[in-house]
Amino acid sequence: MSSEQVFSWTVVVLTCQHKDSVYAFQRELEVRQQRGDLLQGTLLLTVSDPQEPGLGSGGATLNALLVAAEHLSARAGYTVVTTDVLDDARILILHTGRDFPWDSCGRAFCWLPVEKPAQTVQGPVCCLDMLLDCLSNQVCPGSPPGVWVCSTDMILTMPTTFKMSWEGFSGVRVLALPGDVSYAANHGVYFADEQGRVRDIIYKGSEERIRRAAQPDGMVPLVSGPVFFCRRVLERLLKAHVTPPLDGCTYMGMDSGAPPLQISLFLDLLMCLCSDLSESEFVNGERMGCSSPISQQGAVVRSARALLWRILRGTTLHMVYVPAGCYDYLTLSGREHIGRLTKKGTERNTLSHIQNTQCVSAGGRVINSVLEGDVSVASGAVIQHCHLQGPVEVLSGCLLSGLEVTSSSHIQQLALTNDHIIQGHHIQLGEMKITVYTVLGAYDDLKVSCDDDGATFLNHRWSDLYSRTGIQPEDLWGSGRSQSLMEARLFPVFQPRGGAVGLELGVCWLLGGPGALEQWRAAWRLSLREVLSLTDQEGELRWREALFFQVGRRRVMDNLKSQSDRGLLPSFRAAVLGGQHEELLCTLDSIAAGSRENLGVAARCLACIADVLACLAGEGRGGLRSGPAANPAWSHAFSILEQGDLLGGVQALATERAKWLSRPDLLVRAARHYEAAGQVLLRQAVMLSQRFISIGQGEVPPLGEWQDVECPARLDLSGGWSDTPPIAFEHGGAVVNVAVKVDGRRPIGARARRIKEPRLLLVSSSGVQDDAIAMETVCERLEDLKDHCVPYAPAALLKAVCVCSGLVTYPSRQSLDEQLLQRWGGGVEIHTWSLLPHGSGLGTSSILAGAVLAAVYRCTGRTYDTDSLIHAVLHLEQMLTTGGGWQDQVGGLVGGVKVARSKACLPLRVEVERLPLSDDFLLSLQQHLLLVYTGKTRLARNLLQDTVRRWYSRVPSIVENAGQLVDNAEECARACTEGSLPRLGACLERYWCQKKVMAPGCEPAAVRTMMDALRPLALGQTLAGAGGGGFLYLLTRQPQQGEAVRQVLNNTQGLRDFSVHLVELDMDGITLLKSS
């Protein structure tokens, strides 16, 4: 769902039953706001019922509304509560409801086996999150100011096409989802007329009454939760906080001495709006599920109802029925809950670390847990919020929850059968916090009396427990207590002399393990209801959070070591928000330091540390991610890495890092230096391709004899970016490109000769003939080569060739002239030229590097093959620190149309396959290809840095696009081989779209205008290279369209400085001219 559709709440109020839950639940809301699930401007409030037991859903709604209005009034500068603040307010009230036996934090914070792939900050998906998503993105958009009220005890699923009309709406609106008659017998049903006006609300009615509410689809509209009160109705409701006896529903009334009052949202507040009810029926009617008008408090109840009738009667209650929706209420049935967690379509592994994944069956579910060793999870079984060590076997239908690692040895000894539920509960007794363990059967009915025929414990009749253990009913239930499983004091907490009871003395014995009846009887015990009421929800949430972050670090380690393409940024952001960055950074340090055998992994680890530091700085704070990274404070760590000491380098980086954590600007600068350190390791990883360079020794040409080399340019037809390290060796790359002459000439060349003087004379020129600019550099001392790895230094490329080719050794104790005289009998003079503009996108620098290497090898009598030259250029560009991929040199050094590939492994090796194309296709291709210089200079280095960063972060769009680049390259190769220009044009169009995904911003506005103008003439078009400027090339629909293209561009407003050039395929590639 796009951010534009997210509903903007003024206030979100979460009500809770227990006062002790307020701070824990408020923090959960704030975490969701930090994650972006709730907008930053939304006021978040957590409100407990003023008394226990609660006020009922209606009372809780009135109290929450009052608290929201009070806070808005205070924010607006009022000294009293005023309804004026409701004029533009959109308020959401969420009720957490009663305790839930299968999750100590209640239904709202019950984790579901779901992961959101689009999360920017990793976090769990609870029932609350599902509900917030459904309400904010589907149900509530478009609604006017007012308040939405909903319970969190269910999961709503709405059709994607659902939309409500709000034009002219006034009153109260309820949402109803379909259910069958048998299901509705235990729930509420709306009975409405054909226009949707609600006539009655039937709660646990007879089958006959329920059938009266049936819709045309045969289903009945369930009371499903969401209720909307318009602004006018809110004003009436808010008056109740000062009007007895309804003031007893609010904290203000109770603080003023009013007696507490329970009222129901549906059976009191909404019931008085139902058209079929008379005032007498509403006020005096006995209704299941709400306070009785004939009880001891009957007079107060009748008075409250009468007041509601006067306040609200006449307001329209309108029902919106959603036949394609789904309503899943979280009942007390353990079997139903396990079925919900294991149903088809949910995740097997949700935010968990599973050491042996093969031990978890496809139908098993593991949620927020750490499983070490052989922990077998059968189909239909669930483990949540546990840290277990195998061997452990969890059978079908079982649920294990909240078990710490120390429980593993006891779990191993249990006589577990199918359908058992074992839980660890964090509870608080006064100042003491302990863990209590419970065991139940998935089929047990928690509320039925033990005397009932269907009553069970551990899925067996109570009599089985009595006969097996010697326990008697009087041990479990005191006089006057309901004799249900919920009230049975089964679970030991303390031994008089032994302290807290662990899993082994309670649950294990109840399941038939070692123990004795006397020990059990001597222990202080609690019922399940008491355990739930004593839950330390803050402690429970902290335990889950600690597991979540532990899992996060382990998953980071697993993903990095396995070189997975899973994005880690959401996990990093979560760790930073949770204050867990130090532990995460230590984990990343450890992985990097231990990756000596795979420098690619180590490089990615350092890039990940840079991401963590940027997250710590905060989004948009501290400056731009790209920037200088040569601060002297980091030079020591860099030099250690350069020397090949990975462990020492990582430790030195971490030591320096600790000094840069205090401010956002320092954090961003530290991130830049970590990226630069990662580039050091990346270069070392790519340099392993040196093993594929094979240079031989031949006859040395005479002194003064020039060795001339010419090369074509290259046009990349598909797959570019997939050749860029680390993508090329982490994902694997494939590129199709073609060698071309521009305006009939090979535009790139070099020449070299030996000279008598022991020096290096380096001359580079660029531009065409009279406009050519030449720069001469003379190296007479070895010190003159010290900047050979600084890409923007004068003659840096030629100096790097001198070192990379072995012409000279740097650094060395031997002087430059001594080396030159000893090795070559004198110095070397090198000239280079390029007829192409800077930033052309036609692969100039890499192809030129290949030409210079070839000329130097030739003039010093050494032999080579093209494969060696390709890898030598790759090695040279790492030495020069310009990075870049391998496709440019392949394109210019190998003639014709070819596909080149690299596998997803180190060392990086490029394999080139020339495509066997017919002469007719080659001629047709040449006649349909045109070059257009855009007049815009390309800045590839910025594009490269940003793209590599996004790849290291495994941004999902980049990962997906990398695969599509390779696929498109293979399709392009097939299109060429099969002689199809239209298919080739389609590949070019896809390729341009893919380039824009890899490097957003690579399409300047002028270029977009140019491409739009040329589209009617083109089968396909793209900017050459990385984009951003330089040359555009197009495959025209008709042959020889140069003049037509020129005319279109001349007639397009806003274009200037462009030029159109002819293309000629070059089938030879690098060419050695006759010696001179």
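What follows is a friendly exchange between a trainee and a mentor about a predicted model.

Trainee: Let's begin with the record. Which residues does the UniProt annotation "domain: GHMP kinase C-terminal" cover?

Mentor: This feature comes from an unreviewed UniProt entry. In the predicted model, its stretch of chain is 53% helix and 15% strand, with the end C-alpha atoms 37 Å apart. The residues the annotation covers are 974–1051.

Trainee: And where does UniProt place the feature "domain: GHMP kinase N-terminal"?

Mentor: Again the entry is unreviewed. The chain there is 55% helix and 13% strand, and its end C-alpha atoms are 38 Å apart. UniProt places the feature at residues 820–896.

Trainee: Let's turn to helix 36. Do its buried residues line one face or several, and what arc do they fall within?

Mentor: Helix 36 spans residues 1042–1050, and its buried residues are Gly1042, Val1045 and Leu1049. Seen down the helix axis, these buried residues line one face, because they fall within an arc of 65°.

Trainee: Which residues are exposed on the other side of helix 36?

Mentor: The buried side has Gly1042, Val1045 and Leu1049. Its cover includes strand 39 (929–933), helix 35 (1005–1014), strand 41 (1031–1036) and strand 42 (1059–1065). On the other side of helix 36, the exposed residues are Glu1043 and Asn1050.

Trainee: Arg914 caught my eye. Is it buried, partly exposed or exposed?

Mentor: Arg914 sits in strand 38, residues 910–914. Buried would need a relative accessible area under 20%, and exposed one over 50%. Arg914 has 42% relative accessibility, so it counts as partly exposed.

Trainee: Which backbone oxygen lies 3.1 Å from a polar atom of the Arg914 side chain?

Mentor: Beyond its neighbours within four places in sequence, Arg914 is in contact with Val894, Gly895, Gly896, Val897, Lys898 and Met1067. Two of these contribute a backbone oxygen: that of Gly895 lies 3.2 Å from a polar atom of the Arg914 side chain. The oxygen at 3.1 Å belongs to Met1067.

Trainee: Now Thr456. Which side chain does its own side chain join in a polar contact of 2.7 Å?

Mentor: Thr456 is in strand 23, residues 456–457, and counts as buried at 13% relative accessibility. Setting aside residues up to four places away in sequence, Thr456 touches Tyr443, Asp444, Asp445, Arg461, Trp462 and Leu485. The polar contact of 2.7 Å is with the side chain of Asp444.

Trainee: Why is Cys140 not bonded to the closest cysteine sulfur, in Cys134?

Mentor: A disulfide is a covalent bond between the sulfur atoms of two cysteines. The cut-off for counting one is 2.5 Å between sulfurs. Cys140 is buried, with a relative accessible area of 0%, but its sulfur is too far from that of Cys134 for a bond, at 8.3 Å.

Trainee: How far from Cys993 is the nearest cysteine sulfur?

Mentor: The disulfide count for the model is zero. Cys993 is in no disulfide, and the nearest cysteine sulfur is that of Cys1002, at a distance of 10 Å.

Trainee: How many of the five residues of strand 10 are buried?

Mentor: Strand 10 covers residues 317–321. One side carries Leu317, Met319 and Tyr321, the other His318 and Val320, and both faces are covered. Strand 10 is largely enclosed by the rest of the structure, because the number buried is five of the five.

Trainee: Which residue stands opposite Met319?

Mentor: Strand 6, residues 172–179, is joined to strand 10 by five bridges, and the two run parallel. Opposite Met319 in strand 10 stands Val174.

Trainee: What is omega for the cis peptide bond between Leu906 and Pro907?

Mentor: Most residues other than glycine have a negative phi, and most peptide bonds are trans. Pro907 is in the loop between strand 37 (897–902) and strand 38. Another cis bond joins Gly390 and Pro391, with omega about 5°. For Leu906 and Pro907, omega is about 0°.

Trainee: One last backbone check. What is phi of His385?

Mentor: His385 is in the loop between strand 17 (382–384) and strand 18, and is buried with a relative accessible area of 0%. Asp419 also has a positive phi, near 70°. Phi of His385 is near 55°.

Terms used. Residues numbered from 1 in each chain as written. Predicted model: local features only at pLDDT ≥ 70, side-chain atom pairs only at ≥ 80, totals over all residues. Heavy atoms only, no water. UniProt positions renumbered as here; feature names shortened; annotations may be inferred. Helix = DSSP H or I, 4+ residues; strand = E, 2+ residues; numbered from the N terminus. Buried < 20%, exposed > 50% of the residue type's maximum accessible area, 1.4 Å probe, protein only. Contact = heavy atoms within 4.5 Å. Polar contact = N/O pair within 3.5 Å; in protein donor to acceptor, adjacent residues only side chain to side chain. Arc of directions from axis to C-beta. Pairing = 2+ DSSP bridges.
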